[in-house]
Each structure stands twice: as structure tokens, then as C-alpha cells.
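Student: I'm new to this one, and I'd like a close look at a single part of it. Could you walk me through the open sheet and what sits around it?

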Amino acid sequence: MNIVVSTGSFKDIYSPIELCEIIKNSLESFHINKLTIKTLPMADGGEYSNDVLSNNMNHKKIFVDNVIDPSGETTKSYYIKLDNTSAFIGSSEIIGLPPEKEKLKNPLKLTSYGLGQLIIDAINKKFKNIYVGLGGTSTVDGGIGILQAFNVNFFDKLGKKLEPIGGGYFSGQDLINISQISSGISGLNLEKINLIPLCDAKINLEQMSIPNNQKISTNNQKERDFILSSLQNGVFSYAKVVEKNMQKKTKGIELNIFKKEFVGCAGGMLLGLHSLFDIKPVSGFEYFRKKFHLDNSINKANLVITGEGKFDNISLDGKTPVGISRIAKQHNKRVLYICGDIALPIKKSFNGFNCSNLPSIFIENGIDSIISLHHYYDQIKLPNNYVDRVEIYRNKNPEQLTEALRLFFNSYDD
């Protein structure tokens with residue numbers, strides 16, 4: 001039996017590289033006759049894209065000192081050299097906060113300034129083609145932090161120059177005050193820069209509520225509704241300013257920026273990038289699909305195993321695992337989908353680890369069987385502290401996943 005294991009991540013718990021290895025180890029423990037396993041960790045422009053790219057392709061890392069993280073602290077970050085003229089910058093690497101900084105996760109107060117610094121560093125190092133992976137971020141600032149790094153100024157409705165509310169760096173709480181954006185970037189010629197956003201989801205601005213909610217720490221539970229409404233009002237207000245500026249460049253062509261695919265991913269980062277570059281965002285998954293020759297690997301398999309931390313509505317909007325299952329369907333390959341948790345309405349279809357009556361939405365997207373580890377975790381008391389929960393997941397998941405896979409293969413008919 002030939003099995004391809006190609007997954008996304010379990011957010012904050014396992015990278016795609018780690019998850020593929022855990023699944024492989026479980027499969028090998030079953031001593032299946034004539035078993036061949038190929039692991040192909042995948043990315044979509046979101047979290048862990050830097051790691052997956054450097055792991056699969058052995059590209060060089062370019063490190064940058066004194067980069068500003070979302071909370072305004074100075075850190076060291078890096079991006080990937082693809083070739084002498086091209087670089088890849090993963091936004092999650094610098095503007096995504098790790099679990100140990102859970103308390104800081106209030107998107108109203110987080111900035112994308114550091115991503116702007118990395119883009120500028122790549123430009124200064126003479127890279128002409130700059131791929132920016134968008135996803136897995138903690139920020140929802142519409143990219144105004146990026147613009148600040150490029151020395152762009154913002155003005156209120158009276159024409160007064162704005163300063164960041166929190167001091168230092170512009171963040172989500174500043175969006176609502178912006179009525180004008182300055183033109184002209186000092187010191188940089190951007191005309192010959194080809195910047196390609198690789199987006200981890202196709203969501204538009206009106207679909208941002210789910211990912212925005214996931215960016216807010218449980219420590220901010222009492223303020224959650226206020227944060228969400230403030231983010232939406234700020235993003236929508238700023239989007240109108242960006243749309244007006246873009247219409248000037250396109251001679252009044254109707255853009256309907258609120259309905260455009262991809263603009264809602266990574267906290268609305270494309271709004272800022274549209275102000276700097278002539279960009280055409282694309283699916284990050286499709287980029288990595290071609291780069292890693294995913295179709296060739298799937299075509300040789302009897303079974304494809306993919307998965308992610310949680311299956312929900314966003315999973316169907318360009319996320320890696322569903323993209324993999326759709327390709328497998330095109331090649332008439334069976335797919336086992338593994339997740340740590342699943343949206344509440346679908347849980348009623350489960351009997352233990354496995355789904356007893358697969359909803360049509362799975363079948364339509366090429367998923368033949370699904371395993372969810374919620375069967376175990378819904379029966380135990382988990383700590384309220386997010387970091388403590390992550391540690392339990394890391395320690396317990398391999399054991400639970402092995403048991404779930406054992407039950408699956410006991411009834412598997414190839």
C-alpha cells in the first residue's frame with residue numbers, strides 16, 4: 001500500500017512537518033504489509049510556510065535583526081531566498097504571536113510593522129520578485145503597520161497628520177481614524193518590484209469575523225465583542241479610503257473591494273499592500289502545490305492522509321487540507337482527513353473518533369473518511385490556560401491519533 005501523508009498544521013501545536021512525522025510513526029507501528037509512506041508537509045502561505053519551504057526545498061534563510069513583532073518588541077526574524085532574484089516572506093513568522101504570548105493577543109493593539117521591515121530588507125537586497133505569504137497572523141491592522149515602515153503618513157478627516165494611539169506603531173485601533181493616505185515613498189523605487197501575495201484563504205472583508213475572533217486571547221473574553229466590532233468598523237472604514245485611492249489609479253473603475261477574494265485574509269493585509277504595489281493576490285496553496293509537485297505524489301498513492309487542527313467553515317476557503325482532498329478526488333484517490341477538533345454542528349455525526357454518517361460537504365470536497373480527536377478531549381477537563389492546554393495536546397495527541405488510526409485501518413478495505 002502506498003500512502004501519501006500531506007497535511008497542514010495543528011495550529012500552535014504541531015507544524016506540518018511534525019504532524020506528518022507523527023502520522024508516519026503511527027502508521028509504521030501497525031506493520032502493514034508492503035507499506036510505503038511518503039510525507040509531504042504542505043503550506044498555503046499561512047503559518048509554518050517558511051519552515052515547510054526551507055524543509056522541502058532546502059532554501060537559504062536570510063536573517064534580519066531589530067525587527068518589530070506585533071506587540072512592538074524588537075526581535076530577530078528571517079525570510080527565504082528562493083533564487084538570486086526571488087524571495088519568500090512568511091507573514092506569520094514575524095506578525096504571528098506564539099502560544100506563550102497568548103495574553104498579548106488583542107488585535108486592536110498589534111502591528112504589522114515588522115512585515116514591512118522584512119519587505120524593505122528584501123528590496124534593499126535587490127530581490128525583484130517578492131512572494132509574501134499571508135496568513136497565520138495575530139494582527140488585524142489592514143497593513144497600516146507595513147505602510148508606516150515605508151514612511152507612509154496618515155491623516156484624519158480634517159487633514160491632520162495622525163500619530164499611533166498607543167505610541168510607536170500603528171495598529172488595528174488606529175484604522176477608524178484614517179481618512180487620507182500620503183502618496184510617495186521616500187528612498188525606495190517600487191516600480192520594478194514584483195510583489196506577489198500568497199494568501200491562505202479566499203475570504204473577503206465581510207467574512208473576517210471568524211478569523212478575527214480566533215486572534216483574540218481568552219484573557220480578553222469580557223472585551224471580545226467590543227474588540228470584534230471595533231475591528232470591523234475600523235477595517236471597513238479604512239477599506240473605503242483604500243478603495244477611493246485605488247479608483248483614482250484605475251480611472252474610476254468600480255472595484256467593490258468589500259467583495260474581492262483574498263482581501264480579508266491575514267487581517268486585511270492586502271489593503272496596505274494595494275497602496276504600495278500593483279498586486280495580484282493568488283492562492284498560496286496553489287503556489288505550493290505546483291512548487292512541491294503535489295499532484296505527482298498523489299497520483300501514485302492508494303490512500304491520501306491530510307488534516308488540520310480544526311475543521312470549520314474557513315477550511316473550505318482555500319485552506320491546505322481541503323485543497324489536497326480536492327486534488328485527490330480529481331485523481332480518484334481515497335482520502336482520510338485528520339483533525340484535532342471539528343465544528344460543533346458536525347460533531348453529532350461522530351461515533352467515537354470516526355464519523356458514522358459523513359456529511360455531504362465532506363464527500364463533495366473529496367473526503368472519504370474523517371477522524372477527529374475531540375472524542376477524547378470532550379471527555380476530560382482541560383485547563384483554562386491556553387499554554388497549558390497546548391502542552392496537553394502536544395503530549396496526548398500522538399497516543400490518541402495512533403488509536404484512532406488503528407481503528408480506521410482495522411476496518412479499512414483497499
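Tutor: Buried residues make up 56% of the 414 residues in the chain, and keep in mind that this is a predicted model. The chain exposes about 18,600 Å², with carbon and sulfur atoms supplying 45% of that area. A compact globule of 414 residues would have a radius of gyration near 22 Å, and the chain agrees with that, at 22 Å. Its C-alpha trace spans about 70 × 50 × 40 Å along the principal axes. Take the contacts in the chain with a separation of 6 or more: 75% of them come from residues 24 or more positions apart.

Now for the part you asked about. Of secondary structure, the chain has 15 helices and 15 strands. Six strands make up an open sheet, and if you go across it, the order reads 3-4-5-6-9-10, with mixed pairing. Strand 3 (60-68) and strand 10 (282-283) stand at the edges; each has a single partner strand, so one side of each is left without a neighbour in the sheet.

Step inward to strand 4 (residues 74-81) and strand 5 (residues 86-90): these two run antiparallel and are joined by two bridges. If you want a spot to zoom in on, find Ile 80, whose bridge partner in strand 5 is Phe 88.

Then look at what packs on the sheet: helix 4 (residues 113-124) does. Helix 4 touches strand 3, strand 4, strand 5, strand 6 (129-134) and strand 9 (194-199). As for how helix 4 lies, its direction makes about 130° with that of strand 3.

Definitions and conventions
Residues are numbered from 1 along each chain as its sequence is written. This is a predicted model: local features need pLDDT of at least 70, side-chain atom pairs count only at pLDDT 80 or more; totals for chains, interfaces and linings use all residues. Side-chain values use heavy atoms; hydrogens and water are left out. Two strands pair if DSSP finds at least two bridges between them. Helices (H or I, at least four residues) and strands (E, at least two) are DSSP runs, numbered from the N terminus. Contact means heavy atoms within 4.5 Å. Axes are lines fitted to C-alpha atoms, for helices over the stretch in contact, and angles run from 0 to 180 degrees between N-to-C directions. The radius of gyration is taken over C-alpha atoms; the globule rule is 2.2 Å times the number of residues to the power 0.38. Buried means under 20% relative accessible area, exposed over 50%, partly exposed in between (1.4 Å probe, protein chains only). Accessible areas come from the Shrake-Rupley method with a 1.4 Å probe; for residues, only the protein chains shown count as cover.
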